[in-house]
Amino acid sequence: MNERLERLQDPVKDRATSHVQRAIVAFLLVLGGLAFALHFLHLRADFPNHSPWVDWAKYTDEGWYGDAAIRHYLRGTWRLPGDFNPAVALPVWPLVEAGLFRFTGVGIVAARALTVCVFGCILCSSFFFLRLRAERRGDRPMRTVFAAAAVLVLAASPFVYVFTRLAILEPLLVLMMLLSLQAAYAMRLARLRWQRAAYAAGVGLLIALMIGTKTTAVFLLPAIAYMLADSAECRGRRMLRTGLITGGVVALLCGSYFLMLVHRGYLGDFRYLFSANAYTGITRSTFFKTVGETLTDGMWTGPLTYPLAGLMLVIACLRPRVWRDPVFTSLALWAAGYMIFMAYHANMQPRYYLVVAVPLVLLLLRGALHVAEWNPVAPLALVPLLLLVVGHEARQTVNFARHPDYTYQTAAVRIEHIIEAEPSHSHTVLSISGSNLSLMTGLPSICDDFGTMQLEDRIAAYQPGWFVAWNYVEDDKMQALSRFYTLTRVGEFPAMDDPDRNLMIVYRLDPKEGVKPRRKRPGAKLLPM
């Protein structure tokens, strides 16, 4: 009699538990949605001043890596020979921006709104990725709860907040990585051979797009390869067939694009991007110091989430069964792969850690799911811990959203007014932040620091009318400019918070009498590679 009563009561308990879990999921997603909505506020605002993250990308990268799209609509050409043209090697993001600018026009708000939308797709993709089963069986409602919790943690993170509001490359790379892993996982669900081949080809397409977004995506390939191998059930022939299809698509697309660059004469721009970024590297003498800094700087991603994710890795080592979960293992390989890149590059910029922050949060919640499966009481302890993490990080995110600064935008507008007040003078701006000024104001610009031509030759080729420096004029810039121009200081505007870059100084470039910049054919004198 008692056993029969228990069997009757179990469905009732299951339905009650299911209703509670659905309510928790809805609550977490609503909070995550509200946190995500904060990302759309004050899109013109500065990268938060006096934040823990000192990254010079906030002065330059939004313009640099969207420059092809910006120039296409402002100048009618996507490439300026001899200047800095990163789109030659990294074409995906400027193509996406170009599609947007066709409807919105060139502007910082449109570019940043696009990045925030990409982050919204990251949240959706993260939710569905964590709902994938660990094995052939699994507790779907519990997976959904932890997937919703991951959405909230990501949306509330102040680190994620500040870098997903910049129009930079990393958010799109993260999104494509998530889609690649999901496509690789989906291959195991395909019943027919042609369906598995289609998924493998789709993964190859996404990998090619990732490399075209940011070439450091090659460090993420082990995670994708593992997921593909797991989906092929580690069977030799199936793995070989999958590898050939995926690798063939990547080789075909990347190889065809490279041959097109050679044919069009853009190889110099392609090579220059890598030579310009090869100024740092790990050595034997700095190996342990660099590795230590790479690991400790991970605290930028979150003072609570980062050590907790490390704790989950330790727990996984104690419970080897966790590594049978392809989602958990691929996330660990993802984070490890990009950490290896940062140690190898030995130039730990906070923005690089965005590519690590997302998988670490997902790994943390996926590990928590396994802990909850081992011990039914564990969720009762995990909920307060989750609330502590979200509460601690959301407070800083809300503070950023409530107290925006507009020093950079204000300086850009004032510079625009100065330049437009002299219509007979060239409007072209020479500045390391010139591309950002173009994105903010529509002023044409060239870079004073990077380019395949020597600075003097770029000046002669494009004849700028204005020079905008940060804090002071460097000796090599002054030497190059003084050959052709007299520099007249016409304005200075405080902007941002870095002691080395917190004052924008505007100089009018007046040609010297009897010395006129002689136009040189762009590309005639290239810098050594």
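Helix α10 (residues 221-231) keeps a good part of itself tucked away: Ala223, Ile224, Met227, Leu228, Ala229, Asp230 and Ser231 are its buried residues. Buried here stands for a relative accessible area under 20%, exposed for over 50%, and partly exposed for anything in between, with a 1.4 Å probe and protein chains only. Helices are DSSP runs of H or I with at least four residues, numbered from the N terminus. This is a predicted model, in which local features need pLDDT of at least 70 and side-chain atom pairs count only at pLDDT 80 or more, while totals for chains, interfaces and linings use all residues. Residues are numbered from 1 along each chain as its sequence is written, and side-chain values use heavy atoms, with hydrogens and water left out.

The buried residues of α10 pack against a set of other helices, namely α5 (108-130), α8 (170-186), α9 (193-213), α11 (236-264) and α15 (326-345). Just past the end of α10, Glu233 takes a positive phi of about 60°. Glu233 also pairs up with Arg235 through a salt bridge, at 3.0 Å from N to O. A salt bridge is counted when a side-chain nitrogen of Lys or Arg lies within 4 Å of a carboxyl oxygen of Asp or Glu. Both partners are partly exposed, Glu233 with a relative accessible area of 37% and Arg235 at 45%.

That pair belongs to a wider tally, as the structure holds 20 salt bridges. Side chains of opposite charge can pair when their charged atoms come close. One network of salt bridges links Asp67, Arg71, Asp83 and Arg458. Within it, Asp67 and Arg71 are joined with their closest N and O atoms 3.4 Å apart. Asp67 and Arg71 are separated by about one helical turn, because they sit four residues apart in helix α3 (residues 67-74). An α-helix has 3.6 residues a turn, so residues three or four places apart point the same way. Arg71 has another partner in Asp83, and here the closest N and O atoms are 2.5 Å apart. Asp83 lies in the loop between α3 and α4 (92-104) while Arg71 is in helix α3, so this pair ties together parts that are twelve residues apart in sequence. As for accessibility, Asp67 is buried at 4%, Arg71 is buried at 4%, and Asp83 is buried at 1%.

Another buried acid turns up in the loop between α1 (2-37) and α2 (57-64), where Asp55 is found. Asp55 has a relative accessibility of 1% and so counts as buried. Its side chain makes a polar contact with the side chain of Arg351 at 2.5 Å; a polar contact is a pair of N or O atoms within 3.5 Å, where within protein one must be able to donate a hydrogen and the other to accept it, and residues adjacent in sequence count only if both atoms are side-chain atoms. The Asp55 side chain also reaches the backbone nitrogen of Ala57, at 2.9 Å. With neighbours within four places in sequence set aside, Asp55 is in contact (heavy atoms within 4.5 Å) with Phe163, Gln349, Pro350 and Arg351.

Gly367 sits in helix α16 (residues 354-374) and is buried, with a relative accessible area of 5%. Leaving out neighbours within four places in sequence, Gly367 is in contact with Met312 and Phe328. Ala411 is 44 residues away from Gly367 in sequence, and 47 Å away in space from C-alpha to C-alpha.

Technical notes. Helix = DSSP H or I, 4+ residues; strand = E, 2+ residues; numbered from the N terminus.
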